Amino acid sequence: PPLEQVVAGTWEGGVRGRTPGASWYASVFRTANQDDILFISSGALTNEGHFENVGDTLRRGLELGASGQWSPRLGWTTAYTYLRATFETPLTLTSPNHPDEEGGEIEVPAGSALPGIPRHNFKAGVFFASDRWSVGANVLANSSQFLRGDEANLLEPVDGFATVDLSAGYAIGRRFRLSARVTNLFDAGFETFGLLGEADEVLGDDYDDPRFLSPGAPRAAWVGVEWSLP
């Protein structure tokens with residue numbers, strides 16, 4: 001369909017600095033979009049829909065981060081983002097699979113959160129490095145997010161999650177290196193995304209829950225050998 005051009009106004013400000021053994025930064029931001037364009041799930045299948053101008057939207061938040069060294073061989077890093085993304089214009093959207101739809105549509109009031117965008121994101125890691133060894137651990141955590149198709153925020157959101165990853169390496173001579181990596185160390189069950197669909201069309205009438213969730217990857221491990229050319 002013909003769409004209006006999106007016009008965005010952004011401002012951002014921040015500070016950064018250093019202390020003995022560490023560096024840090026902090027920033028705040030705000031982006032206001034006019035005639036923003038979003039994908040709207042409106043077809044019979046979960047991946048069918050159309051793009052539509054949804055009026056004004058607003059994204060604002062802050063970012064914090066720091067990194068440093070506890071010793072010449074042991075370091076750390078951490079980062080946090082707070083992002084609040086909202087509809088600023090009340091509107092009516094197509095959402096035929098929503099339990100509260102009327103005529104295949106839902107009313108979205110101003111101030112509703114945009115779906116698929118977690119409000120909180122946190123990352124942290126520690127690492128050790130010597131002449132031959134390198135070992136690291138990372139944590140990633142995201143807060144909950146609303147499902148696409150529930151722009152009005154009427155349903156339970158997709159739960160937040162946290163995962164832990166490990167990595168290690170060992171140098172064999174100047175050109176060869178053994179490496180190992182484990183993702184989702186504790187085999188946490190989680191979902192990374194959600195949208196509304198019509199499950200009973202495929203699975204039968206007993207499946208009346210319209211929530212389709214994208215599962216996160218289970219625990220996995222890799223071992224490899226790296227060879228560096230001269």
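**Note on the predicted model: salt bridges, ring pairs and core**

1. Arg-59 and Asp-36 are both buried, and in this predicted model the two residues form a salt bridge in which the closest N and O atoms are 3.2 Å apart. Arg-59 belongs to strand E5 (residues 57-69), whereas Asp-36 is in the loop between strand E2 (22-34) and E3, so the bridge ties together parts of the chain that are 23 residues apart in sequence.

2. The structure holds two salt bridges, and the other partners to consider are Arg-177 and Glu-226, whose side chains meet with an N to O distance of 3.6 Å. This pair, too, links distant parts of the chain, with Arg-177 in strand E12 and Glu-226 in strand E15 (residues 220-227), 49 residues apart. Arg-177 is partly exposed, having a relative accessible area of 27%, and Glu-226 is likewise partly exposed, at 37%; with the limits for that class set at 20% and 50%, both residues of this bridge fall in between, while Arg-59 and Asp-36 are buried.

3. The strands that carry Arg-177 and Glu-226 are also paired through the backbone: E12 and E15 run antiparallel and are joined by eight bridges, and Leu-178 stands opposite Val-225 of E15. It should be noted that E15 is hardly covered, since the count of buried residues among its eight residues is zero. A further side-chain arrangement involves Arg-181, whose charged end sits over the ring of Trp-222, 4.4 Å from the ring centre.

4. Turning to the aromatic residues, the count comes to five aromatic pairs. In one of them, Trp-133 and Tyr-170, the ring centres are 4.8 Å apart and the planes stand at 50 degrees, so the pair is classed as tilted. Trp-133 lies in strand E10 (residues 133-142) and Tyr-170 in strand E11 (residues 161-172), and the pair therefore links distant parts of the chain, 37 residues apart. Trp-133 counts as partly exposed at 46% relative accessibility, and Tyr-170 is partly exposed as well, with a relative accessible area of 27%.

5. Another of the aromatic pairs is formed by Phe-161 and Phe-190, with ring centres 4.4 Å apart and planes at 20 degrees, so this pair is stacked. Phe-161 lies in strand E11, and Phe-190 is in the loop between strand E12 (176-183) and strand E13 (191-196), so the contact of their rings ties together parts that are 29 residues apart in sequence. Both rings belong to buried residues: the relative accessible area is 15% for Phe-161 and 11% for Phe-190, and each value is under the 20% cut-off.

6. The largest nonpolar core has 11 residues in all, namely Leu-38, Ile-40, Val-54, Ala-85, Phe-87, Leu-91, Leu-93, Ile-106, Val-108, Leu-114 and Ala-152. The elements that give two or more residues to this core are strand E3 (37-41), strand E6 (74-87), strand E7 (91-94) and strand E8 (105-108).

7. Ala-152, a member of that core, deserves a separate remark. When its neighbours within four places in sequence are left aside, Ala-152 is in contact with Ile-106, Glu-107, Val-108, Pro-109 and Ser-112; of these, Ile-106 and Val-108 are also listed in the core.

Key:
Residues numbered from 1 in each chain as written. Predicted model: local features only at pLDDT ≥ 70, side-chain atom pairs only at ≥ 80, totals over all residues. Heavy atoms only, no water. Core = buried A, V, L, I, M, F, W, Y, C linked by side-chain atoms within 4.5 Å. Buried < 20%, exposed > 50% of the residue type's maximum accessible area, 1.4 Å probe, protein only. Helix = DSSP H or I, 4+ residues; strand = E, 2+ residues; numbered from the N terminus. Contact = heavy atoms within 4.5 Å. Phe/Tyr/Trp six-rings, centres within 6.5 Å; stacked < 30°, edge-to-face > 60°. Lys NZ or Arg CZ within 6 Å of the ring centre and 35° of its normal. Salt bridge = Lys/Arg side-chain N within 4 Å of Asp/Glu carboxyl O. Pairing = 2+ DSSP bridges.
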